[in-house]
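Grab the viewer and work through a few exercises with me. Try each task on your own before you read its solution.

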Amino acid sequence: MFKYFTTTIGRLRLLALLEGISLLVLVFIAVPAKHFAGNPDWVRAIGPVHGVLFLLFVFNALQAGIEQRWKFSQITWKVIVACFIPFGTFYIDYKILKPLQQS
């Protein structure tokens with residue numbers, strides 16, 4: 001568990017997980033509660049949290065790319081683009097970040 005806090009890739013993987021979970025909560029709980037139950041409180045609470053996690057993921061992806069000396073054309077751009085695709089952070093964690101951390 002400590003590997004998520006001590007390495008750059010570990011922190012990026014943790015942020016990917018948190019950003020993906022916040023999007024799940026936003027899409028499947030907060031937005032339906034707003035539109036079907038007329039309760040916008042969840043969106044007001046989760047929306048900014050998701051936004052902050054999204055920005056932290058982007059900045060940490062750039063930082064990891066610089067620190068790990070990733071070629072931008074091979075790894076960094078894929079990681080950054082993945083966060084713009086819904087639930088792409090889960091995919092990028094499984095396909096790119098997890099193998100990089102294990103090596």
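Below are five short exercises, each with a worked solution, on what is a predicted model.

**Exercise 1. Get the overall layout.**
Work out how many helices and strands the chain has.

*Solution.* Start with the secondary structure: there are 5 helices and 0 strands. Reading along the sequence, you get α-α-α-α-α. Next, take the extent: along the principal axes, the C-alpha atoms fill a box of roughly 50 × 30 × 20 Å. Then look at burial, where 37% of the 103 residues count as buried. Last, check the contacts: of those between residues at least 6 apart in sequence, 58% join residues at least 24 apart.

**Exercise 2. Check helix H2.**
Compare the expected span of H2 with the distance between its end C-alpha atoms, then find where the helix is kinked.

*Solution.* H2 runs over 8-36. With 29 residues at 1.5 Å a residue, H2 should span 42 Å. The end C-alpha atoms are 41 Å apart, so the two values agree. Now follow the axis: H2 has a kink of about 35°, centred on Leu26. After the helix comes Gly38, with a positive phi near 70°.

**Exercise 3. Take the core apart.**
Find which helices supply at least two residues each to the largest nonpolar core, and which one gives the largest share.

*Solution.* As background, nonpolar side chains in soluble globular proteins tend to be buried together. Here the largest nonpolar core has 19 residues, and those touching the most other members are Leu12, Phe57, Trp70, Val79, Ile92, Ile96 and Leu97. At least two core residues come from each of H2 (8-36), H3 (41-67), H4 (72-82) and H5 (88-102). H3 provides the largest share, with 6 residues. To see one member up close, pick Ile92: setting aside neighbours within four places in sequence, it contacts Phe57, Lys78, Val79, Ala82 and Leu97.

**Exercise 4. Classify the aromatic pairs.**
Use ring centres and plane angles to decide whether Phe28 and Phe87 are stacked or edge-to-face, then do likewise for Phe54 and Phe84.

*Solution.* Count the pairs with ring centres within 6.5 Å: there are 2. For Phe28 and Phe87 the centres are 6.4 Å apart and the planes sit at 15°, so this pair is stacked. Phe28 belongs to H2 and Phe87 to the loop between H4 and H5, so the pair ties together parts 59 residues apart in sequence. On accessibility, Phe28 is exposed at 56%, while Phe87 is partly exposed at 29%.

Now the other pair. The ring centres of Phe54 and Phe84 lie 5.2 Å apart with planes at 80°, so this one is edge-to-face. Phe54 is in H3 and Phe84 is in the loop between H4 and H5, 30 residues apart, and the pair links distant parts of the chain. With a relative accessibility of 57%, Phe84 counts as exposed.

**Exercise 5. Look around Thr8.**
Decide whether Thr8 is buried or exposed, and find what its side chain pairs with in a polar contact.

*Solution.* First place the residue: Thr8 is in helix H2. Its relative accessible area is 10%; the cut-off for buried is under 20%, so Thr8 is buried. Next, look for the polar partner: the side chains of Thr8 and Glu67 are joined by a polar contact of 2.6 Å. Finally, list the contacts beyond four places in sequence, and you get Ala64, Glu67 and Gln68 for Thr8.

Notes
Residues numbered from 1 in each chain as written. Heavy atoms only, no water. Core = buried A, V, L, I, M, F, W, Y, C linked by side-chain atoms within 4.5 Å. Buried < 20%, exposed > 50% of the residue type's maximum accessible area, 1.4 Å probe, protein only. Helix = DSSP H or I, 4+ residues; strand = E, 2+ residues; numbered from the N terminus. Contact = heavy atoms within 4.5 Å. Expected span 1.5 Å × (residues − 1). Bend = angle between axes of the 7 residues up to and from the residue. Phe/Tyr/Trp six-rings, centres within 6.5 Å; stacked < 30°, edge-to-face > 60°. Polar contact = N/O pair within 3.5 Å; in protein donor to acceptor, adjacent residues only side chain to side chain.
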